[in-house]
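Visitor: Please take a close look at the salt bridges in this structure, one pair at a time. I would also like to see how their surroundings fit into the chain as a whole.

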Amino acid sequence: MTAKLSAAVAIALGVLGCMIHTDIDKCPTPISRVLFVRAILENGQLHVDDWKKKTPDLAFANGHFYSDKAPFPSLLALAGSVLWWKTFYSEVNDDKSVWTGLSWAGAVPIAALTAWGLFRTLKIPKCDRQTHQAAYLLTLFFIFFGGMPLVYLSSLWSHSLVISLLSIALLFAYNRHARQDAVFTDAERCIAGAALGISLASEYTAGLVVIAITILLGVSFLKSLPFWASFTIPCLTILWYNSATMGSLFVLPYMEQPFFPEMKQGLLGINYPDLDVMFRLVFGPSRGLLFTSPFLAIAWFGFRPLFERLPKFTLISFGTIVLQIVVISGKTWDWEAGPSFGPRYLSPIIPFFIIPCWYGLLKFPLIGLLLGSLSITSALMAWMTLPFAEGATYGAPIVDLYLPMMMNGEFNNCLFQFLGFSASASMKLITCLVLALFGLLAFYYFHSIKLESGGGKPIATPS
């Protein structure tokens, strides 16, 4: 039962990532990646001079403009866009359709790899009791379908991919700390290394988390050649892109950003920590992590039992969460990260919430179910309408933007529309499918609790 539900959750995430397309005209980051793809397919070049007015997220070097984004997601998008380009480009009559087609097609391999990462993460913990398995499955459903992982799954964002892959590596680390008899194959070491390498080559803000997880993986991984080989290969794409665009292996495109002079201050625009920004990143209605994904708050009840069992793992996990928040708060001029849902610069720390949220859900199932329901509602509302809102314009986008758009019938583009469904009917169908999966997982969890508690077995945290 658990294996089938795990497959269903992962497949559902991948399908939803390909199902919706958000208009990216006002989203500089995905536009920058689409420019990379189109420049190669149309001109056979990396420079994007022909479309430099479409986004400020560019670098300027050697007389040319380039995408300033980490290269791996753009290369994945390129792989997905080639087929669309060869099949449909000659039949497209307007430029907007080209951008839409490239961003939609490019999102498919990113969504597929994200779904695979979730599936691997669902399989990793070795649970002795059905209740623990069911709670873990429900925890990952709430985290991935109730926050940034769902919302950033479309239109060439990289955050969902990074969250998914970092989760794989972190869960390997958890197994190492939780089970004295844990033994890892070379294949598993390769997967962990590739997951961390791809994450770093997709989002530079994941650097702190990559270091922390590598430490948690321990000496057996650090001495492993397969681990380092698989980590290095995706990282080489960073050096390749730096050299091909900036003319130096160690000059990131962010260092040559012509439109945001603040990027040249401090460490790529990050200066001293700011308490007010920290508060907004965690609790604020505009971008607050716990405001947009309330389920993560259940981790508060899980950190204590996790610390009692695995103090080193807990301290490094909690410390990394705090450190990432402190560091990102120093980007005071761009802490909202443009049009966004939630604090996307904090997205790499989401995997560190998985285990404490799992433990917290086991301690307080009903509170977890309530918070999870709120998270699912928030994420679905954003995902179906206009998730990437300017925080300065909408103080609380969930209330000020997503809800009014839903009431007015203003929804994102959806593949069901090509089958004759209206936008409203498409979203209702998708919502019903997600809620049906939610209901099945919740039933499985509470049925497991009833069976085990009825047998006189206390429901405890995993051992």
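Guide: Start with K331 and D334, whose side chains meet in a salt bridge with an N to O distance of 3.8 Å. This pair qualifies because a salt bridge requires the nitrogen and the carboxyl oxygen to be within 4 Å. K331 counts as buried, at 10% relative accessibility. D334 is buried as well, with a relative accessible area of 19%. That value still falls on the buried side because the class takes in anything under 20%. The model is a predicted one, and the distances and accessibilities given here are computed from it.

A search of the whole structure finds eight salt bridges. Another of them joins the side chains of D57 and K69, with N to O at 2.9 Å. D57 lies in the loop between α2 (28-43) and β2 (58-61), while K69 lies in the loop between β3 (64-67) and α3 (71-88), so the salt bridge ties together parts that are twelve residues apart in sequence. As for burial, D57 has 9% relative accessibility and counts as buried. K69 counts as buried too, at 7%.

K69 has a further partner. D68 forms a salt bridge with K69, and the closest N and O atoms of that pair are 3.5 Å apart. With a relative accessibility of 2%, D68 is also classed as buried. K69 therefore meets D57 and D68, and each of these acidic residues counts as buried.

Elsewhere, R38, E42 and D95 are linked in a network of salt bridges.

Now to the surroundings of the D57 and K69 pair. The loop between β2 and β3 holds N62. N62 has a positive phi of about 55°, although it is not a glycine. At 61% relative accessibility, N62 counts as exposed, whereas K69 is buried.

Helix α3, which follows the loop that holds K69, contains G80. G80 counts as buried, at 19% relative accessibility. Leaving out residues up to four places away in sequence, G80 touches A105 and P109. The C-alpha atoms of G80 and G106 are separated by 4.7 Å, with the two residues 26 apart along the chain.

For comparison with N62, there is L268, another non-glycine with a positive phi, here about 50°. L268 is in the loop between α11 (225-246) and α12 (275-283). Its relative accessibility is 23%, so L268 counts as partly exposed.

One more buried position is S160, in helix α7 (residues 159-178). S160 counts as buried at 1% relative accessibility. Apart from its neighbours within four places in sequence, S160 is in contact with T114, M148, P149, L150, Y152 and L153.

These details belong to a protein with 19 helices and four strands. Its radius of gyration is 22 Å, close to the 23 Å that the globule rule gives for 463 residues, so the protein is as compact as a globular protein of that length. Taken along the principal axes, the C-alpha atoms fill a box of roughly 70 × 55 × 45 Å. Buried residues make up 58% of the 463 residues; D57, D68 and K331 are among them. Of the contacts with a separation of 6 or more, 76% come from residues 24 or more positions apart.

On charge, the protein carries 30 positive and 26 negative side chains, with the centres of the two sets 11 Å apart. The protein exposes about 18,500 Å², and carbon and sulfur atoms supply 66% of that area.

To return to the request, the salt bridges described pair by pair are K331 with D334, D57 with K69 and D68 with K69. The network of R38, E42 and D95 comes in addition, and the search of the whole structure gives eight salt bridges.

Technical notes: Residues are numbered from 1 along each chain as its sequence is written. This is a predicted model: local features need pLDDT of at least 70, side-chain atom pairs count only at pLDDT 80 or more; totals for chains, interfaces and linings use all residues. Side-chain values use heavy atoms; hydrogens and water are left out. Helices (H or I, at least four residues) and strands (E, at least two) are DSSP runs, numbered from the N terminus. Buried means under 20% relative accessible area, exposed over 50%, partly exposed in between (1.4 Å probe, protein chains only). The radius of gyration is taken over C-alpha atoms; the globule rule is 2.2 Å times the number of residues to the power 0.38. Contact means heavy atoms within 4.5 Å. Accessible areas come from the Shrake-Rupley method with a 1.4 Å probe; for residues, only the protein chains shown count as cover. Lys and Arg count as positive and Asp and Glu as negative; His and the chain ends are not counted. The place of a charge is taken as NZ of Lys, CZ of Arg, CG of Asp or CD of Glu.
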